[in-house]
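Reader: I am new to this structure and would like to understand the terms applied to it. Could each term be set against its definition?

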Amino acid sequence: MSFSDRDVLLLGLIQGLFEGSMYIFILEWTPMLSQKDNPTDPTPNIPHGYIFSGFMTSVFVGSSIFGLLTKKIASLETILLSVIAISAASFFVVIFFPPNFWRNFGALLVFEACIGIFWPCIGSLRARMLPDGCRSTLMNFFRIPVNVVIIVVLLQDYPLLTNFLACAVMLVIAVVLQTLIVLRRRPAHASVHYLHEPLLSVPEEQI
């Protein structure tokens, strides 16, 4: 299976965009979950330890789900596309619905599970596309512009929902880029399904 320079560029941008949304989420999840359900309610004292434990459990569950998905879905590109789309949807939940601790917590748990699927998936695709010698160096270059965007977003002290909207927008862009990869790889994967069919044995006299 061969990959073009364009595929490498798209994958690097996708990784940078996903990481960018993840870093903003790491810094903003506490104020998001500390929002008041009603303006007259006191500021809730959220259980940070239990919440963080839930996040880590979701990441572990996501990693386990990835192993199951690779047995059911032939294309890693399709898995990655689905994961990024679900991640974007989880951010839209906390943006467009009124503040509610359990709904927001559930949406963020979904995002953490997507993180657990994302890393082994993107790592497998990087291993396919890039040799070991230049893999880390090349991928780090794609992090530079995204990290600049993250710093600008956080230093401007934008409202909480604006920061989460920035996360959602980055993920939507990543969905578009990953869709391009899927469409470009589809012809190459047309025959993959035949690899999973049992091979017919041919009698020696017919060989």
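Author: The following exchange takes up confidence, burial, salt bridges, a helix span and a surface patch in turn.

Reader: How do you know how far the model can be trusted?

Author: The model is predicted, and each residue carries a pLDDT on a scale from 0 to 100. The chain averages a pLDDT of 82, and 82% of the residues score at least 70. Among the elements of the chain, helix α3 (residues 76-96) has the highest mean, 95, and α5 the lowest, 75.

Reader: What makes residues 188-207 a region to read with caution?

Author: Over residues 188-207 the pLDDT stays under 50. For this segment the model has eight contacts beyond four places in sequence. Where pLDDT is low, the predicted coordinates should not be read in detail.

Reader: Why is N104 called buried?

Author: Buried means under 20% relative accessible area. N104 has a relative accessibility of 2%, so the residue counts as buried. N104 is placed in helix α4. Leaving aside neighbours within four places in sequence, N104 is in contact with M32, L33, Q35, V94 and P99.

Reader: How do you know that F25 is buried, and what does F25 touch?

Author: The relative accessibility of F25 is 1%, and the cut-off is under 20%, so F25 counts as buried. F25 lies in helix α1. Not counting residues up to four places away in sequence, F25 touches F55, F91, L108, F111, E112 and C167. F25 and C167 are 142 residues apart in sequence, yet their C-alpha atoms are 7.6 Å apart in space.

Reader: What makes the pair D7 and R184 a salt bridge?

Author: The rule asks for a side-chain nitrogen of Lys or Arg within 4 Å of a carboxyl oxygen of Asp or Glu. The side chains of D7 and R184 meet at 3.0 Å, N to O, so the rule is satisfied. D7 lies in helix α1 and R184 in helix α6 (residues 160-185), so the pair ties together parts that are 177 residues apart in sequence. D7 is buried, with a relative accessible area of 1%, whereas R184 is partly exposed at 34%.

Reader: How many salt bridges are there by this rule?

Author: The count comes to two. E77 forms a salt bridge with R128, with the closest N and O atoms 4.0 Å apart. This pair links distant parts of the chain, E77 being in helix α3 and R128 in helix α4, 51 residues apart. E77 counts as buried at 1% relative accessibility, and R128 is partly exposed at 36%.

Reader: How do you know that the span of helix α2 agrees with the expected one?

Author: Helix α2 (residues 48-72) has 25 residues. At 1.5 Å a residue, α2 should span 36 Å, and its end C-alpha atoms are 36 Å apart, so the two values agree. Within α2, I51, G54, F55, S58, G62 and F66 are buried. What covers these buried residues includes α1 (5-33), α3 and α4 (101-129).

Reader: Why is V152 called partly exposed, and which surface patch includes V152?

Author: Partly exposed lies between the limits of 20% and 50%. V152 has a relative accessibility of 43%, so the residue counts as partly exposed. V152 is found in helix α5 (residues 132-155). Together with F141, I144 and V148, V152 makes a nonpolar surface patch of about 380 Å².

Terms used:
Residues are numbered from 1 along each chain as its sequence is written. This is a predicted model: local features need pLDDT of at least 70, side-chain atom pairs count only at pLDDT 80 or more; totals for chains, interfaces and linings use all residues. Side-chain values use heavy atoms; hydrogens and water are left out. Patches are made of residues with over 30% relative accessible area and no salt bridge: like charges are joined within 9 Å, nonpolar side chains (Val, Leu, Ile, Met, Phe, Trp, Tyr) within 5 Å. Accessible areas come from the Shrake-Rupley method with a 1.4 Å probe; for residues, only the protein chains shown count as cover. Helices (H or I, at least four residues) and strands (E, at least two) are DSSP runs, numbered from the N terminus. Buried means under 20% relative accessible area, exposed over 50%, partly exposed in between (1.4 Å probe, protein chains only). pLDDT is the predictor's confidence in each residue, from 0 to 100. Contact means heavy atoms within 4.5 Å. The expected span of a helix is 1.5 Å times one less than its number of residues.
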